[in-house]
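User: I have just opened this one and would like a slow walk through it. Could you start with the overall picture and then go into the details?

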Amino acid sequence: MEMTVHYAKNADADVDASYLRNLPLIKLLQQEPVNTEDWDVLLSATPNGEDKLLWCLGYVGALCALDATDFDNWFIYCLTVIDSALEACKIESASDERKNLLALGLAVRTFNFSANPVTKQLKCGDTLRSAGEYVCSEDADIFAMWYVLRALTDYLRLNFNENLRALTSAMGAMNKIRGRYTQIVERLPKIDAC
């Protein structure tokens, strides 16, 4: 009796590649330092012509960090993630204002506000306000700005009467970037299990 055996390579190589591609996300969720070289595999998967920084931030911000419970501390941590992403993408001239915008955008996108809502005691409230006024041109900045404005409107609503003018301005800014934000999101990497 003749027997035919069918086989294929096991999943070892794919598991390792998946781990390395997801390493910045894994480290972010565990609040570990994200090193510059941790972005290498993800950057190598960036489509031709795509904004590398946007690709990195879109991917690393795909999940909510449920263990992050203090937004001010989370923002400070996200600043370190942004610094490593900027270095990995070889962006040397980012201003502090841009770094704050990108870090706040990442922090807002990945923070669990349903369990830990924005309060009036937010220590980075002034930074949030000034980030909401940043003039954006890059896709990564527009992407971050959407989330910054979302958090800013929630923060300003806590003292509605005092902040009505700023709140109206923030909502108008959100409306202006909505179309471009939607186009940007459609290009972002999708996370898969393999």
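**A walk through the model**

Analyst: The secondary structure of the protein chain comes to eight helices and zero strands, and from the N terminus on the elements run α-α-α-α-α-α-α-α. Please keep in mind that this is a predicted model.

User: What box do the C-alpha atoms fill, along the principal axes?

Analyst: Taken along those axes, the C-alpha atoms of the protein chain fill a box of roughly 85 × 35 × 30 Å.

User: And how much of the chain is buried?

Analyst: Of the 194 residues in the protein chain, 45% are buried. As for contacts with a separation of 6 or more, 74% of them are accounted for by residues 24 or more positions apart.

User: Let's go to helix 4. What span should it have, and what are its ends doing?

Analyst: Helix 4 covers residues 71-88, and at 1.5 Å a residue its 18 residues should span 26 Å, which agrees with the 25 Å between its end C-alpha atoms. At the N-terminal end, Asp70 acts as a cap, with a side-chain oxygen 2.9 Å from the backbone nitrogen of Asp72. Just after helix 4 comes Lys90, which takes a positive phi of about 60°.

User: Which residues of helix 4 are buried?

Analyst: The buried ones include the aromatic-named positions Phe71, Trp74, Phe75 and Tyr77, and also among them are Asp72, Cys78, Val81, Ile82, Ser84, Ala85, Leu86 and Ala88.

User: Back to Lys90, where does it sit, and is it buried or exposed?

Analyst: Lys90 is in the loop between helix 4 and helix 5, and at 69% relative accessibility it counts as exposed, because the cut-off for that class is over 50%. Its positive phi is worth a note, since Lys90 is not a glycine, and most residues other than glycine have a negative phi.

User: Which residue in the loop between helix 1 and helix 2 also has a positive phi?

Analyst: That is Gln31, whose phi is near 55° although Gln31 is a residue other than glycine, and its place is in the loop between helix 1 and helix 2. Gln31 is partly exposed, with a relative accessible area of 36%.

User: What about Trp39, where is it and what does it touch?

Analyst: Trp39 lies in the loop between helix 1 (12-29) and helix 2 (40-44), and at 0% relative accessibility Trp39 counts as buried. Leaving aside neighbours within four places in sequence, Trp39 is in contact with Pro24, Val34, Cys56, Val60, Val81, Ser84, Ala85 and Ala88. Of these, Val81, Ser84, Ala85 and Ala88 are buried residues of helix 4.

User: New topic: how do helix 3 and helix 5 pack?

Analyst: Helix 3 (residues 52-60) and helix 5 pack at an angle of about 30°, with their axes 10 Å apart. The two helices are therefore roughly parallel to each other, because angles under 35 degrees count that way. Leu53, Leu57, Gly58 and Val60 from helix 3 meet Arg98, Leu102, Leu106, Arg109 and Thr110 from helix 5, and by class this contact has five nonpolar, two polar and two charged residues.

User: Is that Arg98 buried or exposed?

Analyst: Arg98 is buried, with a relative accessible area of 11%, because the cut-off is under 20%. The place of Arg98 is in helix 5 (residues 96-110), and beyond neighbours within four places in sequence, Arg98 is in contact with Leu53, Ile91, Tyr134, Glu138, Ala140 and Asp141.

User: And how do helix 3 and helix 7 pack?

Analyst: Helix 3 and helix 7 pack at an angle of about 30°, with their axes 8 Å apart, and that makes helix 3 roughly parallel to helix 7. Leu53, Leu54, Leu57 and Gly58 of helix 3 make the contact with Asp139, Ala140 and Phe143 of helix 7. By class, this contact has five nonpolar, one polar and one charged residues.

User: How many residues of helix 7 are buried?

Analyst: In helix 7, 16 of the 19 residues are buried, so helix 7 is largely enclosed by the rest of the structure. Helix 7 runs over residues 139-157, and at 1.5 Å a residue it should span 27 Å, which agrees with the 27 Å between its end C-alpha atoms.

User: Last one, Val15: buried or exposed?

Analyst: Val15, which is found in helix 1, counts as exposed at 53% relative accessibility. The C-alpha atoms of Val15 and Leu158 are separated by 46 Å, and these two residues are 143 residues apart along the chain.

Technical notes: Residues numbered from 1 in each chain as written. Predicted model: local features only at pLDDT ≥ 70, side-chain atom pairs only at ≥ 80, totals over all residues. Heavy atoms only, no water. Helix = DSSP H or I, 4+ residues; strand = E, 2+ residues; numbered from the N terminus. Expected span 1.5 Å × (residues − 1). Buried < 20%, exposed > 50% of the residue type's maximum accessible area, 1.4 Å probe, protein only. Polar contact = N/O pair within 3.5 Å; in protein donor to acceptor, adjacent residues only side chain to side chain. Contact = heavy atoms within 4.5 Å. Axes fitted to C-alpha atoms, helices over the stretch in contact; angles between N-to-C directions. Parallel < 35°, antiparallel > 145°, perpendicular 65-115°, else oblique. Nonpolar A, V, L, I, M, F, W, Y, C, P; charged D, E, K, R; others polar.
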